[in-house]
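Work through the exercises below with the model open. Each one sets a task, then solves it in steps.

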Amino acid sequence: MKVLQVAAEVFPQVKTGGLADVTGALPPALAREGADVRLLLPGLPAIADALAAPRTVARIGPMFNAARVEVVQGRLHGSDLPAYVIEAPYLYRRAGNPYLGPDGHDWPDNLQRFALLGWVGAHLAAGEIDADWQPDVLHAHDWHAALACAYVAAHPPTAAGTVFTIHNLAYQGLFPIGDFGLLGLSHRALWPHGIEFHRQVSFMKAGLLFADRISTVSPTYAREITTPEFGCGLDGVLRDRHHDLRGILNGVDRDVWNPATDRWIAARYDASLLAGKAYCKAALQREFGLDARADAPLFGVVSRLTSQKGLDLLLGALPALLARGGQLAVQGTGDGVLEDALRGAAAQHPRQVALHVGYDEPRAHRLVAGADVIVVPSRFEPCGLTQMYGLRYGTLPLVRRVGGLADTVVDADEAALADDRATGFVFDQAQPGALEAALLRAMALYRDPPRWQAVMRRAMAQEFTWTVAAREYLGLYGEAIASRREKPRRLSMR
Ligand code: ADP
Ligand code: GLC
């Protein structure tokens, strides 16, 4: 099966969050299962410059404000993934964050930048970009790539099935309705029941309406988003399509996140030889300027700082953590108010709380390896990868019971401890008190090393593999192809 993955980021070239980890790991996992997989990516500097043996397959000419658009094929340095890259220097040759300008606001031409990504995806799927390669299925990730599904639906001869994956329903790609005309789609795409969303154009909705199949990144989130509480205003659309919606849990890329081989951590270890983990903890305390105390339970956070991630709840529970001799090490970037609050806590308790603002991949590994507990108190979490990395590194996750967090962590309640099923700590209410209670349970267990180590070993034995996910995706691709053949989702161009 030939599969085209369309996405805005890929690890290690461009990463703002878990999406890049997924687009870096899913293609090789699909290839191991026998699929012929290629990526389609925007020509952001770090991506375009990473293409080895580039070959121009199409010169498209001016489009979406760009004077020159070309599609170049090659392999990405490092990962060796086969990829098509859209060279449109006017739209993509910008340093920094792929979605935001240096002022922290969305790039003003994001509509054009991501419409082009979808347009090229659809035309690749139609066999009009590369005469030598035409996919059987187009898999679009998040709102950035969602318009590909609408362009395919508007292009009746295309045989390729389409799958749209929601990585985060909260980011929808909304643009002024007056700009709809720039997309070159029929007005039927907009009204009635189209991609209009509260008088705006919604790229996310284009994926939800026009993809042959929809998926999201955990079974629990797949259920949650059909409810008003988690549906971000799109739960009705998702309920209408619930027969076509699946939850497929992300995996852990063991070439990247593995304490036995990780070249970024102070000492390597595995479940049978945990001495290296204590060494990683001491190194982390040094690096973050915390008291060098082996007996202090060290809580870690690696996160985008947004309200999604619930770190305000953690700040509310901080006094209890500090009073019991705990430590907190945070690495994150984002919301200035949260950054300031964390900075304030670190200034007040420099030996117990430390913050690194910014994005740093090696340090994220050192933090996950060195902490005793990784805290992910999200208000919602489509999948979440950091808790899975924590499990692998024997760093017990403390999480809220939502989305993929609920699907991957087993709470250390008495019953689970007795049956040797526990892998972390789970709380329910999005309130500091609920988080605090879980934190106190974690600290109590920490004081009982044999039991703590039993939970660590159980956590490290968890297998969340990309092989399992890849097989599920292949099944979904088969459904999408059959559905495109039998009951295509059409969008009339008239
Ligand atoms: P999300 O995609 O919502 O941010 P995930 O848990 O799925 O959440 O993935 C987050 C990814 O981004 C993980 O690989 C995590 O290690 C990484 N990450 C988040 N913040 C930082 C940071 N400040 N520095 C380095 N890596 C980070
Ligand atoms: C999103 C979600 C996160 C998920 C990631 C990869 O960024 O917020 O929960 O793990 O995508 O699918």
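The shell around ligand 2 draws its largest share, 3 residues, from α1. Keep in mind that this is a predicted model.

**Exercise 1. Describe the shell around ligand 2 and its polar contacts.**

Step 1. Count the shell. Ligand 2 is surrounded by 14 residues. His167, Asn250, Glu381, Cys383 and Gly384 are the closest.

Step 2. Sort by class. The shell holds 6 nonpolar, 6 polar and 2 charged residues.

Step 3. List polar contacts, using a cut-off of 3.5 Å between N or O atoms. The side chain of His167 places an N or O atom 2.7 Å from an oxygen atom of ligand 2. For Cys383, a backbone N or O atom is 2.9 Å from a ligand 2 oxygen. The side chain of Gln308 has an N or O atom 3.3 Å from an oxygen atom of ligand 2.

Step 4. Check the cover. Ligand 2 alone exposes 310 Å², and the protein buries 93% of that.

**Exercise 2. Do the same for ligand 1.**

Step 1. Count the shell. It has 21 residues around ligand 1. Lys15, Gly18, Asp21, Arg304 and Leu385 are the closest.

Step 2. Sort by class. There are 6 nonpolar, 9 polar and 6 charged residues in the shell around ligand 1.

Step 3. Trace the elements. At least two shell residues come from each of α1 (18-32), β13 (298-305), β14 (327-334) and α13 (386-392). β13 gives the largest share, 3 residues.

Step 4. List polar contacts. A side-chain N or O atom of Lys309 lies 2.8 Å from an oxygen atom of ligand 1. Gln331 brings a polar side-chain atom to 2.9 Å from a nitrogen atom of ligand 1. Thr386 uses its backbone: a polar atom there is 3.4 Å from an oxygen atom of ligand 1.

Step 5. Check the cover. On its own, ligand 1 has 570 Å² of accessible area, and the protein covers 93% of it.

**Exercise 3. Where do the two ligands lie relative to the domains?**

Step 1. Split the chain. Domain 1 spans 2-251 + 467-486, and domain 2 spans 275-462.

Step 2. Set the scale. The domain centres, taken over C-alpha atoms, are 33 Å apart. In the contact, domain 1 takes part with 19 residues and domain 2 with 19 residues.

Step 3. Add the buried area. About 1,400 Å² is buried between domain 1 and domain 2. Carbon and sulfur atoms give 58% of that area.

Step 4. Place ligand 1. Both domain 1 and domain 2 give residues to its shell, so ligand 1 lies between them.

Step 5. Place ligand 2. Its shell also has residues from domain 1 and domain 2, so ligand 2 lies between them.

**Exercise 4. Inspect the backbone at Pro12 and Asp142.**

Step 1. Recall the background. Most peptide bonds are trans, and most residues other than glycine have a negative phi.

Step 2. Look at Pro12. Phe11 and Pro12 are joined by a cis peptide bond, with omega about 5 degrees. Pro12 sits in the loop between β1 (2-6) and α1.

Step 3. Look at Asp142. Its phi is positive, about 60 degrees, although Asp142 is not a glycine. Asp142 belongs to helix α5, residues 142-153.

Technical notes
Residues are numbered from 1 along each chain as its sequence is written. Chains are lettered from A and ligands numbered from 1 in the order in which they are written. This is a predicted model: local features need pLDDT of at least 70, side-chain atom pairs count only at pLDDT 80 or more; totals for chains, interfaces and linings use all residues. Side-chain values use heavy atoms; hydrogens and water are left out. A residue is near a molecule or strand if one of its heavy atoms lies within 4 Å of it. A polar contact is a pair of N or O atoms within 3.5 Å; within protein, one must be able to donate a hydrogen and the other to accept it, and residues adjacent in sequence count only if both atoms are side-chain atoms. Accessible areas come from the Shrake-Rupley method with a 1.4 Å probe; for residues, only the protein chains shown count as cover. Helices (H or I, at least four residues) and strands (E, at least two) are DSSP runs, numbered from the N terminus. Ala, Val, Leu, Ile, Met, Phe, Trp, Tyr, Cys and Pro count as nonpolar, Asp, Glu, Lys and Arg as charged, and the others, Gly among them, as polar. Domain bounds come from an automatic or database domain assignment. Contact means heavy atoms within 4.5 Å. Buried area is the accessible area (1.4 Å probe) that two parts lose on being put together, summed over both.
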